[in-house]
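Could you walk me through this protein at an easy pace? I'm new to it and would like to know where to look.

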Amino acid sequence: MSFPFEALMACRAELEAEASANDAQAVFPTRGLARLRQLGVLSAALPLALGGCWSDAAPEAAAAGLLRLLQLVGQGSLALGRVVEGHVNALRLVSRYGTPAQYAALAADVRAGALLGVWVTDGARPVHMDQTAQGLILHGQKAFASGVGHVTRALVTARTQAGTTGMLLVAVGQGCVIHPSIGGLSGMRGAGTGQCDFEGLCVSPDSLIGQAGDYLRQPEFSAGAWRPMAVALGGIERLTTVLREQLAARGRAQAPAQLARIGHALIAAQTALGWTRKAALVATAQDRYDAGDIVATVNLARIAVERAGLDVIELAQRGLGLSAFIKTNVAERLTRDLATYLRQPAPDETLCEAAAWFMQRDLPPAAAALP
């Protein structure tokens, strides 16, 4: 089975139009999600044997395909890209740390249309679980949960009575109190970012995925950051295109200062692409590289993509002037969405730790290139 990339490319304008229409009221892009589900986006990351698009026997081809998929979704809607990336992250974590039976059951749910999420940020009351005769009882809430109200199964972290952290795959439905999306966010308003209260929810011990501490286990914890980079890359490319198109429409594209801005934006987008590909390649070949090399390389890539995105935002705003701040201009929403999406945790610490790692050794060479 091959993925219909041309069909996904063709619906970019449709995804973008819905993102703009939904922005003011922070409405979730239900039509866009339905379109992606129809195209097979939600099942694409499954192994070929379980109904996906790429074989486990060709990990580099699978990474290239997934990178392209996330990149294209990001070009159409960063909010949808965030939701899809979370869905893929959940699949990856269950495949890596769950049992074959757990993964097969989850794959069947996904083929039936389930939307997954990874919710790890605690709210005012951190999520913890108690072992009882009836099963595991959850307490607390998750905040900044993407796709809340639309995710049907969420992978959540919870503290145990012993003080360790475990992962559970929880059906989000009766027993969970959903709070509406956080409309106060300046960007990514369509991602359905909200809260979910698990207080008193009873789940089966079969919901536990892996062992205590698996969620933070390296290099997987850091290596997976290449997937959000791929979504951000799509947003960077789209904003670069909008800058070029709007300057051309005004007859300003040939002005030397504007040509310089366009050139710098193209350079930034290509830089983001190169670092994202390198991160995906190194993260995919965990049997080939030292764990520290993988973590540090992906972290450098994370900072490089962030820098590229911030540069393109500034170039677009300076190049388009006040029109880039008019809410009816797609560039205005794109800059807000991209700036919000790029705001990943601890960028300074991430950069310094990666630089310190490579003080006495070179970055791992690209032994192969993504197709």
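Here is a short tour of a sheet, a helix pair, some pockets and cavities, and two backbone details.

Before we set off, keep in mind that this is a predicted model. Let's begin with a sheet. Strands in a sheet are held to one another by backbone hydrogen bonds, in either a parallel or an antiparallel way. The one to find here is an open sheet of three strands, and its order is 4-8-7 with antiparallel pairing. Strand 4 (141-145) and strand 7 (177-179) are the edge strands, each of them pairing on one side only. From one strand to the next, the twist averages 15 degrees. If you zoom in on strand 4 and strand 8 (residues 194-197), you'll find three bridges joining them in the antiparallel sense. A handy landmark is Gln141, which sits opposite Asp197 in strand 8.

Now for a pair of helices. Take helix 5 (residues 59-76) and helix 9 (residues 226-249): their axes come within 7 Å and cross at roughly 45 degrees. That angle is neither under 35 degrees nor in the 65 to 115 range, so helix 5 and helix 9 count as oblique to each other. As for handedness, helix 5 passes helix 9 in a right-handed crossing.

Next, the open spaces. A probe the size of a water molecule, rolled over the atoms, shows where empty space remains. How big is the largest pocket? Its volume is about 1200 Å³. The lining of the largest pocket takes in 44 residues, and those nearest the centre are Arg82, Glu85, Pro228, Gln344 and Pro345. Plenty of elements give two or more residues to this lining, among them strand 1, strand 4, helix 11 (291-320) and helix 13 (347-357). Helix 6 gives the most, with six residues. Sorted by class, the lining of the largest pocket has 23 nonpolar, 11 polar and 10 charged residues.

The second largest pocket holds about 670 Å³ of space. Its lining is made of 26 residues, with Ala45, Asp56, Ala62, Arg92 and Ser95 lying nearest the centre. You'll meet our crossing helices again here: helix 5 and helix 9 are among the elements that supply at least two residues each, and helix 10 (256-284) is another. Helix 6 turns up too, and the largest share of this lining, five residues, comes from it. The class count for the second largest pocket is 15 nonpolar, five polar and six charged residues.

There are enclosed spaces as well. Searching the whole structure turns up three cavities of 30 Å³ or more. The largest cavity contains about 70 Å³ of space. Residues along its lining include Ala19, Asn22, Asp23, Arg189, Arg333 and Asp337. Helix 2 (12-23) and helix 12 (330-341) are the elements that give two or more residues to that lining, and helix 2 gives the most, with three. By class, the largest cavity is lined by four nonpolar, three polar and four charged residues.

What about the second largest cavity, and how much space lies in it? The figure is about 40 Å³. Arg82, which we met by the centre of the largest pocket, also lines this cavity, along with others including Gly86, Trp119, Ser146 and Val151. Helix 6 (78-97) and strand 1 (116-119) each supply at least two of the lining residues. Strand 1 gives the most, with four residues. The classes here come to five nonpolar, three polar and one charged.

Let's finish with two backbone details. As a rule, residues other than glycine mostly have a negative phi, and peptide bonds are mostly trans. Which residue here has a positive phi despite being other than glycine? Ala26 does, with phi near 55 degrees. You'll find Ala26 in the loop between helix 2 and helix 3 (30-39). The other detail is the peptide bond from Gln218 to Pro219, which is cis, with omega near 10 degrees. To locate Pro219, look in the loop between strand 10 (208-209) and helix 8 (220-223).

Technical notes. Residues numbered from 1 in each chain as written. Predicted model: local features only at pLDDT ≥ 70, side-chain atom pairs only at ≥ 80, totals over all residues. Heavy atoms only, no water. Pairing = 2+ DSSP bridges. Axes fitted to C-alpha atoms, helices over the stretch in contact; angles between N-to-C directions. 1 Å grid on protein atoms, 1.4 Å probe; cavity = no way out; pocket = protein on both sides within 12 Å on 5 of 7 lines; lining within 4 Å. Points joined across faces, edges and corners; volume = space filled by probe spheres on them. Nonpolar A, V, L, I, M, F, W, Y, C, P; charged D, E, K, R; others polar. Parallel < 35°, antiparallel > 145°, perpendicular 65-115°, else oblique. Left-handed = near helix turned anticlockwise from the far one by under 90°.
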